[in-house]
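Subject: A structure for you to look at

Hello,

Here is the structure I promised to pass on. Have a look at it first, and then read on for what turned up.

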Amino acid sequence: MNIRLRQVSTKKKGIRKLHFAIDKRQKFVLAVCLSSLGLFFTEYQLTKWGLIVTLILPFFTVLFLLWAIYTDLKENKSYQVFILPFIYTFAFGYFYLLTPTSFFVRLFLTAIYAFGLYSLFLSQNIFIVSSSRTIQLLSGARIVSFVITVISYFFLTNIVFSFHVIIFPVIAVIALYTYLLIYHSLWTYTLQKYSQSLLVWVSSLTACVIEIASLVWFWPSSPTVTALFLTGFFYAIIGLSHIWLEKRFFKGILWEYVWVGTIVFFVLLLFTQWGK
């Protein structure tokens, strides 16, 4: 990583000032390194203070992204790009609580988080640029964003059902992050600052997910299996929405999502604890 060093001379004071110019990609690397180190040390040394830092870390992730893309954001004002980085860091940070406390497991998960966050920063930058002009990397950015959206949804759903609380707060929390993730995911295909039809579409899909989540809350299954089923359903409806927006609603593609829904449903049946 090369950092350009520029020398600016001033005649009045007779001295030279050195200014460091860091480009956008280097800002992304620095932001990912700081966020990953913060996540690793707060989670590896799990204390009450570590939990608070984990809660604050998503806000720093958003600030890092704002620092990197501030110039482009002033022109386009596409603030939707902050949704997924915030939720991804939040989901990954608290999913750590459900994993083994082994040093190597934490290190491996931190490496995955760093790779995902860097890819996510690049994709959000592409969305910002694409909102004003068409670029070839847009399709790849949508795929990366969709994959990280699905991963974040699984992590969050697993966390929510692991608390084993009454249904009303569970559904309220699921409705909140489901709406935000669906909105961001569909926005990546429209790139519109505001669309009333998009809000109606997002609300309708969120209502469908809430209905399914309400049913599986009563289902005698483990949080991981329940989260896997809901994530499969989430993946199917969002994927179908994407191909509808791209006008690629063909029979072959449709059957791919039908199979995904069928598989996760049979997994839910297979690992259901009927005796309890």
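A residue counts as buried when its relative accessible area is under 20%. Please keep in mind that this is a predicted model. With that cut-off, buried residues account for 45% of the 276 residues in the protein chain.

For a first overview, the protein chain holds nine helices and two strands. Starting at the N terminus, the order of the elements is β-β-α-α-α-α-α-α-α-α-α. If you take the contacts between residues at least 6 apart in sequence, 71% of them join residues at least 24 apart. The accessible surface of the protein chain is about 15,500 Å², and carbon and sulfur atoms own 70% of that.

Next, the largest pocket. It contains about 420 Å³ of space. There are 18 residues in its lining, and those closest to the centre are Phe90, Leu156, Ile159, Val160 and Val173. Which helices supply at least two residues each to this lining? They are helix H3 (83–95), helix H5 (138–162) and helix H6 (167–190). H6 gives the largest share, with six residues. By character, the lining is made up of 17 nonpolar residues and one polar residue, with no charged ones.

The aromatic rings are worth a look too. The count of aromatic pairs comes to 16. In one of them, the ring centres of Tyr88 and Tyr113 are 5.4 Å apart and the planes meet at 10 degrees, so this pair is stacked. Because Tyr88 sits in helix H3 and Tyr113 in helix H4 (residues 103–130), the pair ties together parts that are 25 residues apart in sequence. Both Tyr88 and Tyr113 are buried.

Another pair is Phe127 with Trp187: here the ring centres are 5.9 Å apart and the planes stand at 75 degrees, so the pair is edge-to-face. This one links distant parts of the chain, as Phe127 belongs to helix H4 and Trp187 to helix H6, 60 residues apart. Are these two rings on buried or exposed residues? Phe127 is buried, with a relative accessible area of 0%, and Trp187 is buried with a relative accessible area of 0% as well.

Finally, look for the cluster that ring pairs form from Tyr88, Phe92, Phe95, Tyr113, Phe154 and Phe155. The stacked pair of Tyr88 and Tyr113 is a handy place to start when you look for it.

Best wishes

Note on methods. Residues numbered from 1 in each chain as written. Predicted model: local features only at pLDDT ≥ 70, side-chain atom pairs only at ≥ 80, totals over all residues. Heavy atoms only, no water. Helix = DSSP H or I, 4+ residues; strand = E, 2+ residues; numbered from the N terminus. Buried < 20%, exposed > 50% of the residue type's maximum accessible area, 1.4 Å probe, protein only. Contact = heavy atoms within 4.5 Å. Areas by Shrake-Rupley, 256 points an atom, 1.4 Å probe, with all protein chains shown as cover. 1 Å grid on protein atoms, 1.4 Å probe; cavity = no way out; pocket = protein on both sides within 12 Å on 5 of 7 lines; lining within 4 Å. Points joined across faces, edges and corners; volume = space filled by probe spheres on them. Nonpolar A, V, L, I, M, F, W, Y, C, P; charged D, E, K, R; others polar. Phe/Tyr/Trp six-rings, centres within 6.5 Å; stacked < 30°, edge-to-face > 60°.
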